[in-house]
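Open your viewer, get comfortable, and follow along one selection at a time. We will start with a little vocabulary and then walk through the fold.

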Amino acid sequence: IKFLQVMQKHGYIGDLEMIDDHRAGKIVVDLVGRINKCGVISPRFDVCLGDIEQLASNILPSRQFGHLVFTTPYGIMDHEEAR
């Protein structure tokens with residue numbers, strides 16, 4: 001759910017609605033049509049704080065376009081917050 005909240009904060013998705021079906025639960029996501037591509041980097045690897053900019057320039061197509069989402073000890077955040 002934290003990943004979806006980061007996507008919502010940047011305007012890629014709309015409202016989130018959690019449905020409790022007394023099993024695993026479901027999340028209804030309102031898509032706004034701004035997502036072109038969403039992927040995962042596998043396998044996971046460690047990134048130092050100084051290497052975030054280099055990683056972002058290698059992976060993202062442009063400086064003003066796209067977001068990397070990191071899992072840190074301080075929570076899930078995008079690459080701009082992690083700096």
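Before selecting anything, learn three words: a residue is buried under 20% relative accessible area, exposed over 50%, and partly exposed in between, using a 1.4 Å probe and protein chains only. Try them on glutamate 81, which is partly exposed because its relative accessible area is 43%. We will come back to this residue later.

A word on what you are viewing: this is a predicted model, in which local features need pLDDT of at least 70 and side-chain atom pairs count only at pLDDT 80 or more, while totals for chains, interfaces and linings use all residues. Residues are numbered from 1 along each chain as its sequence is written, and side-chain values use heavy atoms, leaving out hydrogens and water.

**Stop 1: the whole chain**

Show the cartoon. You should find 3 helices and 4 strands; these are DSSP runs numbered from the N terminus, with helices being H or I of at least four residues and strands being E of at least two. Along the sequence, the pattern reads α-β-β-α-β-β-α. The C-alpha atoms fill a box of roughly 45 × 30 × 20 Å along the principal axes. Of the 83 residues, 18% are buried. Now turn on the surface: the protein exposes about 6900 Å², with carbon and sulfur atoms supplying 52% of that. Such areas come from the Shrake-Rupley method with a 1.4 Å probe, and for residues only the protein chains shown count as cover.

**Stop 2: the hairpin of β1 and β2**

Select residues 13-19, strand β1, and residues 26-31, strand β2. How many bridges pair β1 with β2? The strands are antiparallel and share 5 bridges; strands count as paired if DSSP finds at least two bridges between them. Click isoleucine 19 and look across to its bridge partner in β2, lysine 26. The two strands form a hairpin with 6 residues between them, and histidine 22 in the turn has a positive phi of about 60°.

Next, pick leucine 4 in helix α1, residues 2-9. Leaving aside neighbours within four places in sequence, leucine 4 is in contact (heavy atoms within 4.5 Å) with Ile13, Leu16, Ile27 and Val29. If you like using the distance tool, try leucine 4 to glutamate 17: their C-alpha atoms are 11 Å apart, at 13 residues along the chain.

One of those contacts, isoleucine 27, sits in strand β2. Is isoleucine 27 buried or partly exposed? Its relative accessibility is 39%, so isoleucine 27 counts as partly exposed.

**Stop 3: the second hairpin**

Move on to residues 69-72, strand β3, and residues 75-78, strand β4, which run antiparallel and are joined by 4 bridges. Valine 69 has aspartate 78 as its bridge partner in β4. Here the hairpin connects β3 to β4 through 2 residues.

**Stop 4: the nonpolar core**

Select Ile52, Leu55, Ala56, Leu60, Leu68, Phe70, Met77 and Ala82, the 8 residues of the largest nonpolar core. Such a core is a set of buried Ala, Val, Leu, Ile, Met, Phe, Trp, Tyr and Cys residues joined through side-chain atoms within 4.5 Å. Helix α2, residues 52-59, gives the most to this core, with 3 residues. In soluble globular proteins, nonpolar side chains tend to be buried together.

Zoom in on phenylalanine 70 in strand β3. Phenylalanine 70 counts as buried because its relative accessibility is 15%. Beyond four places in sequence, its contacts include Val47, Ile52, Leu55 and Ala82.

Now click histidine 79, in helix α3. At 6% relative accessibility, histidine 79 is buried. Among the residues it touches, beyond four places in sequence, are Ile52, Ala56, Leu60 and Phe70. Leucine 68 touches histidine 79 too, along with residues including Leu55, Ile59 and Met77.

**Stop 5: back to glutamate 81**

Which residue forms a salt bridge with glutamate 81? Select lysine 9: the closest N and O atoms of this pair are 2.3 Å apart. A salt bridge needs a side-chain nitrogen of Lys or Arg within 4 Å of a carboxyl oxygen of Asp or Glu. Glutamate 81 lies in helix α3 (residues 79-82) and lysine 9 in helix α1, so the pair ties together parts that are 72 residues apart in sequence. By this rule, the count comes to 1 salt bridge.
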